[in-house]
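Here are some exercises for getting to know a new structure, each with a worked solution. Have the sequence and the 3D view open, and try each task before reading on.

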Amino acid sequence: MIEVLPINKKERNSIFIALICILLISVFFSGCVDSDKAEASSLNDSGGAGGDLSSGKGENLRAVMIFGPDESLDPAYKWVGWYVREAGIYETLFAYDADMNLKPELAEGYERLNDTAWQIDLRPGVRFHDGTPLNAEAVVFSINRALDPGNVRHTEYDFIESVSAPEDLKVLIRTKEPYSPTIASLSDPLLSIVSPKAEDLSHKPVGTGPFKFESYEEGLRLSVLRNEDYWGGDVKLESVTIDYVSDPLTRSFKLQADDCDLVRGIPATESGLISKSPDLEVPSKETLRLCFMYVNTINAPLDDVKVRQALNYAIDRDQVVSAALEGAGVPAKGVFPSTLPWSANEKLEGYDYSPEKAKEMLSEAGISDTDGDGWLEYGGEPFELSIRTYEKRAELKPTAEVIASQFEKIGIKTEVIVLETGALSADTGDGNYDLSLYAWNVAPAGDPDYFLSYHFESSGAQAAWTGYSDSEVDEWIKEARESTSSEERQEYYDLVQARVLADSPEIFVFYYKEIDGINTRVKGYEIYPNDISFITKDIYIEE
């Protein structure tokens, strides 16, 4: 005999809710199964819409990135060009491959007509996603958008005098002065080639890339579809969704939970755990991104080169990479990583870790422990420093903390201040800082002129932040920019790299290694050192 126990009202409500949940779950899974069956039937009946699934055709790639666009998808707006290029929507006249070789993309080639004139030959038969043919007028239209005085980045291209279209597939670029990096600069996603007939580039981008825009949820997700008429050949994926997740642990958890297929920027602390999974891989590659500190050379005692050099000697870069990055970096010797052909690292010694040498040089500059309390003084006052940095890159705060602890070992009281990016830029630009820790791509266009002219030429925007000025460095950068000889340019850039290393208006800490996480079913993925390319036509999912 079964005894039926009385059920109170609270218990009865709980049971009722549980039954409803079970019912909803069963309906959901039933619908998923029916949907899968219907989709499979449809593909079989049509001969496989989008291609053979076994080769990766017809698949959606779920990718996760750190940064993405905000209010606009226009490649000529600030740095948005990077994000829409990474999504496979836009292309440029020239581009770098995964080994940092400059290749024609929408161009077939070029000819330098004289010191200040360049003729670009366009690739025939290319069409934008809206069907508009690529021609010289479209290129002129696209480049002029970046040259517009209303564009916040137009000063980066002040070297261009004019852009014209002498023929349907020929573009003529004239520069104000001889400017050797001209062709390399055309790989900048700011100069992405857009359809001149597009009605709203801020919300509906129209490019020539392997993927076409589908939808965008601001700051959260960008979805693209395969370009069936891509000039570059077969595009293997049917679609891609890119989620933007700033928290590094969340990105890792999504990969481990199979909520995505590909993640850019796995924390080094998680890479070991992820790599133990038989279904996951952790590819890594040294990039062109440099972690460095601006030094306020205007204020004493940082205006003394001995003090700046002493700070260099006080930093154990190996420990920084080990402690702050779990080994996912390369200690910096100079401005450029060895992966960049223009690097002078083979000729530079860099700064060894030598706290004794650091204290000796500080003493020569009048900074010493005068009262025996273990802390250094300068001019009768405690010698204290602050390291400012920003929160958007998770590794910068621990990097600053490791460096601060190393400074304190030699008696420098050091404070770490973490700010929002805009606030940090304002402080650094106003000279309200001692040291500011940043991360920059030192050669987004593959040419050294970009970083060196901005940071070390007297008229450079970032040189104004540090107060650095050297007439010889100015001349070397100018000569390198104008020279038509690669060998001569290299000689000048070697001189610049050696001088700024010695003068230390910036302290170079490490070069980044990008660590990504992918499911083993993802094939054809490569890491590009310049951060510009991400989703390509060659990626596919193997089932």
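## Exercise 1: A network of charges

Glu86, Arg264, Arg289, Glu514 and Asp531 are linked in a network of salt bridges. Keep in mind that this is a predicted model.

**Task.** Take arginine 264 and glutamate 514, and find how far apart their closest N and O atoms are, which strands hold them, and whether they are buried or exposed.

**Solution.**
- Step 1: Start with the distance. The closest N and O atoms of arginine 264 and glutamate 514 are 3.0 Å apart, and the two residues form a salt bridge.
- Step 2: Place the partners. Arginine 264 belongs to strand β11 (residues 262-264) and glutamate 514 to strand β21 (residues 506-519), so this pair links distant parts of the chain, 250 residues apart.
- Step 3: Check the surroundings. Arginine 264 and glutamate 514 are both buried.
- Step 4: Step back to the total, which is 26 salt bridges in the structure.

## Exercise 2: Two more salt bridges

**Task.** Compare the pair glutamate 364 and lysine 306 with the pair arginine 489 and aspartate 447. Are the residues buried or partly exposed?

**Solution.**
- Step 1: The side chains of lysine 306 and glutamate 364 meet in a salt bridge, at 3.3 Å from N to O. Because glutamate 364 lies in helix α9 (residues 355-364) and lysine 306 in helix α7, the bridge ties together parts that are 58 residues apart in sequence.
- Step 2: Buried means under 20% relative accessible area, and exposed means over 50%. Glutamate 364, at 46%, therefore counts as partly exposed. Lysine 306 is partly exposed too, with 33%.
- Step 3: Arginine 489 and aspartate 447 also meet in a salt bridge, at 3.0 Å from N to O. Arginine 489 sits in helix α15 (residues 486-503), while aspartate 447 sits in the loop between β20 (435-441) and α12 (449-456), 42 residues apart.
- Step 4: Apply the cut-off again. Arginine 489 has a relative accessible area of 5%, so this residue is buried. Aspartate 447, at 7%, is buried as well.

## Exercise 3: A serine in a loop

**Task.** Which residues, beyond its neighbours within four places in sequence, is serine 483 in contact with?

**Solution.**
- Step 1: Find serine 483 in the loop between α14 (471-482) and α15.
- Step 2: With a relative accessible area of 8%, serine 483 is buried.
- Step 3: Leaving aside neighbours within four places in sequence, its contacts are Ser180, Glu488 and Arg489.
- Step 4: Look along the loop as well. A polar atom of the serine 483 side chain lies 3.1 Å from the backbone nitrogen of serine 485.

## Exercise 4: An enclosed strand

**Task.** How many of the six residues of strand β10 (residues 239-244) are buried, and which strands pair with β10?

**Solution.**
- Step 1: Six of the six residues are buried, so strand β10 is largely enclosed by the rest of the structure.
- Step 2: In a regular strand, side chains alternate between the two faces of the sheet. In β10, Ser239, Thr241 and Asp243 point one way, and Val240, Ile242 and Tyr244 point the other way.
- Step 3: Strand β1 (residues 60-65) pairs with β10 in the parallel sense over six bridges. Asparagine 60 stands opposite serine 239.
- Step 4: Strand β9 (residues 221-226) pairs with β10 in the antiparallel sense over five bridges. Here valine 224 has valine 240 as its bridge partner.

## Exercise 5: A four-stranded sheet

**Task.** What is the strand order in the open sheet of four strands, and which helix packs on the sheet?

**Solution.**
- Step 1: The order is β4-β5-β7-β6, with antiparallel pairing.
- Step 2: The edge strands, each paired on one side only, are β4 (107-114) and β6 (160-167).
- Step 3: From one strand to the next, the twist averages 20°.
- Step 4: Helix α3 (residues 136-147) packs on the sheet and touches β5, β6 and β7. The direction of α3 makes about 165° with that of β6.

Notes. Residues are numbered from 1 along each chain as its sequence is written. This is a predicted model: local features need pLDDT of at least 70, side-chain atom pairs count only at pLDDT 80 or more; totals for chains, interfaces and linings use all residues. Side-chain values use heavy atoms; hydrogens and water are left out. Two strands pair if DSSP finds at least two bridges between them. Helices (H or I, at least four residues) and strands (E, at least two) are DSSP runs, numbered from the N terminus. Axes are lines fitted to C-alpha atoms, for helices over the stretch in contact, and angles run from 0 to 180 degrees between N-to-C directions. Contact means heavy atoms within 4.5 Å. Buried means under 20% relative accessible area, exposed over 50%, partly exposed in between (1.4 Å probe, protein chains only). A salt bridge is a side-chain nitrogen of Lys or Arg within 4 Å of a carboxyl oxygen of Asp or Glu. A polar contact is a pair of N or O atoms within 3.5 Å; within protein, one must be able to donate a hydrogen and the other to accept it, and residues adjacent in sequence count only if both atoms are side-chain atoms.
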